[in-house]
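Biologist: I've got a structure on my screen and some labels I'd like to understand. Can we go through them together?

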Amino acid sequence: AALEAYRKALAAKDDFVEVIMVLGALLLECGRGREAIEVIKRLVDIDSESVQGHNYLGLVQCQTKDWEGAGHSFAQALELDPTYVDALINLGVLEWEQGDAEKAIDYLEQAASLDAGNREVIMNIAMFQAQIGDRTSAIALLQDYTRSEPTDIEAWVLLGDILVQNGEPQL
């Protein structure tokens, strides 16, 4: 019923950005990824200069395992705005998932240079560093971060996990 209501809203006003985003997200949630991509593509058809539209399309493409399309969408967002941290994070995660740790960390370091305190950047860099065996850097990064954000439970858990991996389970 909800899908039908959103489709009718979109039929009445086919450039209603909020409805496009909600319908795309709902289709994705219902396991209809290909339909979600077609709906979300409307965002960039409506406004080809929309950094957020290209980035969101890339996220939907990732969910449907269209890695090439996702990379293209994130790169398009960055071409439109080279300082768009979310696209840098998303490209970093995508490269990591594709097995290119060096490129992944490069993208995340670019994001960190633009927004040093960004939690998503810090958490991803720390996870990637730990996974490539640079636990000392990951620990230092998370210790710094938790000093400024002492209530971030996920950061404390990640720090604890990495300390255990590093053979430092005691205080």
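Modeller: Sure, and let's begin with a term: a disulfide is a pair of cysteine sulfur atoms within 2.5 Å. This is a predicted model, where local features need pLDDT of at least 70, side-chain atom pairs count only at pLDDT 80 or more, and totals for chains, interfaces and linings use all residues. Residues are numbered from 1 along each chain as its sequence is written, and side-chain values use heavy atoms, leaving out hydrogens and water.

Biologist: How many disulfides does the structure hold?

Modeller: Zero.

Biologist: Why is there no bond between Cys30 and Cys62?

Modeller: The closest cysteine sulfur to that of Cys30 is in Cys62, 20 Å away, so that's too far for a bond. Cys62 is in no disulfide either.

Biologist: What makes Cys62 buried or exposed?

Modeller: Buried means under 20% relative accessible area, exposed means over 50%, and partly exposed is in between (1.4 Å probe, protein chains only). Cys62 has 18%, so Cys62 is buried. Cys30 has 44%, so Cys30 counts as partly exposed.

Biologist: And why is Ile46 called partly exposed?

Modeller: Because its relative accessibility is 39%, which falls between the two cut-offs.

Biologist: What about Gln129, buried or exposed?

Modeller: Gln129 has a relative accessible area of 13%, so Gln129 is buried. Leaving aside residues up to four places away in sequence, Gln129 touches Asp134, Arg135, Ser137, Ala138 and Leu141.

Biologist: What does contact mean here?

Modeller: Heavy atoms within 4.5 Å.
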